[in-house]
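Let's work through some exercises together, one step at a time. Have the sequence and the 3D view open, and try each task before you read its solution.

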Amino acid sequence: MPIPRRTFAVAAVAALVLPLSACGSSGGDGGSTDASGKVEGEITFQTWNLRANFKPYFEDLIAAFEEKYPDTHVKWVDQPGEGYADKISADAAGGTLPDVVNVSPDLVAPLAKAGLALDLDKAAGQYEKEYLEGAWASHQVPGMEGTYAFPWYLNTGPLFYNKSLFEKAGLDADKPPTTYDELFDTALRLAEKTDGKVATLANVPTIEDFGRYGVPLMNKEGTGFAFNDAKGVELLTRYKELYEAGALDSQALTATPESSGKKFLTGAVAMNPGSALDLANFKKQAPSLYKNIGITDQITSTGHVNMYVMGVMVNAQSERKPAAVAFAHFVTNSAHQMSFAKQVAIFPSTAGSLDNPYFTREDGTDETRVRVAAAKSLKTAVNYTPVLFSEQMKTELRNAVAKALQGKESPKEALDNAVKACDRLLAQQG
């Protein structure tokens, strides 16, 4: 998938819904999970809008694989970011899904349910220990046994904060909030000290916030959502307090990553997620902010930050499973993930890679400051967004949050309605 300006989660695609004709039954592995045998034959590898910026990398990668396995040939196809989910859906329905496919967790779920994603626990379980535990688990589907893609590259964003705004409010700029309780206390104090002129946050809570707050998002069977429990209602109630006090930006209900970034740039909000690219932007456009920038981890009350993860799936109906599994593992092994991470601001999902000096040693540059901070938090990060949580469901939650903040519904009523709507959408997924 492309690497957008902030994190690739910002440009998340809608979860595809496979036509029933994609396979004869829901669930199952769509065929044998046996990937043993000689690595040979021609396979097709599909990436997600990566050719434009990384063509030499992938050409070299494929050449190295074909040199290692002389009886193989890898045909590389790259699809544009726009309409990628629709393309996968059409290929799945038409029986033309490539042997190896670049996917995100939300794309894996319907493919796994349709029997088109190979269960790697059965076919390639020997490789599991090569990856971070949280990354391997990210392509598991609630209600189904198995893991349906190799983890590939990861990302997470640090949280930036404006030290000068903290100091003006009498807050310790060297001790930013790390939990939601600390965040709420900080935000209310900042709003009070500035008469509501400076908000701490520019965005309403998302499903990731509910996860990081410790809210159970789904039941264990994966058949229904649970973010309307007492802890979920508590989180939304606290956000309502922020909104009413001016501690949450007045335009948060319609905020985008770009608009939130501008608010932070101009000092209208005190904290905002970002990336190394933002630091360079601050240095150029807001030197005073740049001099007072603080970098900290994402806010979390669970001790684990959120990770965004990409994966490489093997088509369960591939006629060249040994070659497909071998290539998917080759793409995502430690050496190749490390070399890819040095070309772009992403992180490897392989165990031990984040201990490399590239991710632990600072050299005084902005890029390294952010990379080291993010890499440290990724070791125990979790992909909080449920793989079954579609774009439509995200919209339902956002609408519910807006109604609660505006006082049109109570936090409990709003979340109850959102869960009902999301459960209906979940049932439609089959």
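**Exercise 1. Find where D249 lies, decide whether D249 is buried or exposed, and list what D249 touches.**

Step 1. Look in the loop between α9 (230-245) and α10 (257-265): D249 is found there. Helices (H or I, at least four residues) and strands (E, at least two) are DSSP runs, numbered from the N terminus.

Step 2. The relative accessible area of D249 is 8%. Buried means under 20% relative accessible area, exposed over 50%, and partly exposed in between (1.4 Å probe, protein chains only). D249 is therefore buried.

Step 3. Leaving out residues up to four places away in sequence, D249 touches A199, L201, A202, Y243, K263 and V269. Contact means heavy atoms within 4.5 Å.

A word on the source: this is a predicted model, in which local features need pLDDT of at least 70, side-chain atom pairs count only at pLDDT 80 or more, and totals for chains, interfaces and linings use all residues. Residues are numbered from 1 along each chain as its sequence is written, and side-chain values use heavy atoms, with hydrogens and water left out.

**Exercise 2. Do the same for L289: where is L289 found, and which residues does L289 touch?**

Step 1. L289 sits in helix α12 (residues 287-291).

Step 2. With a relative accessible area of 4%, L289 is buried.

Step 3. Not counting residues up to four places away in sequence, the contacts of L289 are N162, F264, L265 and F282.

Step 4. Now pick P70, 219 residues from L289 along the chain: the C-alpha atoms of the two are separated by 55 Å.

**Exercise 3. Which residues of helix α2 are buried, and which are exposed on the other side?**

Step 1. In α2 (residues 84-94), the buried residues are Y84, A85, I88, S89, D91 and A92.

Step 2. They cover an arc of only 165° around the axis, so they lie on the same side of α2. The arc is that of the directions from the helix axis to the C-beta atoms.

Step 3. A rule helps here: an α-helix has 3.6 residues a turn, so residues three or four places apart point the same way.

Step 4. D86 and G94 are exposed on the other side of α2.

Step 5. The cover over the buried residues of α2 includes β1 (41-48), β2 (72-79), β3 (100-103) and α3 (105-113).

**Exercise 4. In what order do the strands of the open sheet stand, and why is one side of β6 and of β7 left without a neighbour?**

Step 1. The three strands run in the order β6-β5-β7, with antiparallel pairing. Two strands pair if DSSP finds at least two bridges between them.

Step 2. β6 (271-273) and β7 (293-296) are at the edges, each with a single partner strand, so one side of each has no neighbour in the sheet.

Step 3. Four bridges join β5 (residues 159-162) to β7, where T296 is the bridge partner of L159.

**Exercise 5. Which residues touch the most other members of the largest nonpolar core?**

Step 1. A nonpolar core is a set of buried Ala, Val, Leu, Ile, Met, Phe, Trp, Tyr and Cys residues joined through side-chain atoms within 4.5 Å.

Step 2. This core has 126 residues, and F58, W152, F225, F227, Y239, F327 and F340 touch the most other members.

Step 3. Helix α13 (residues 321-332) gives the most to this core, with eight residues.

Step 4. A second, separate core has 12 residues, among them F264, V269, A286 and I293.
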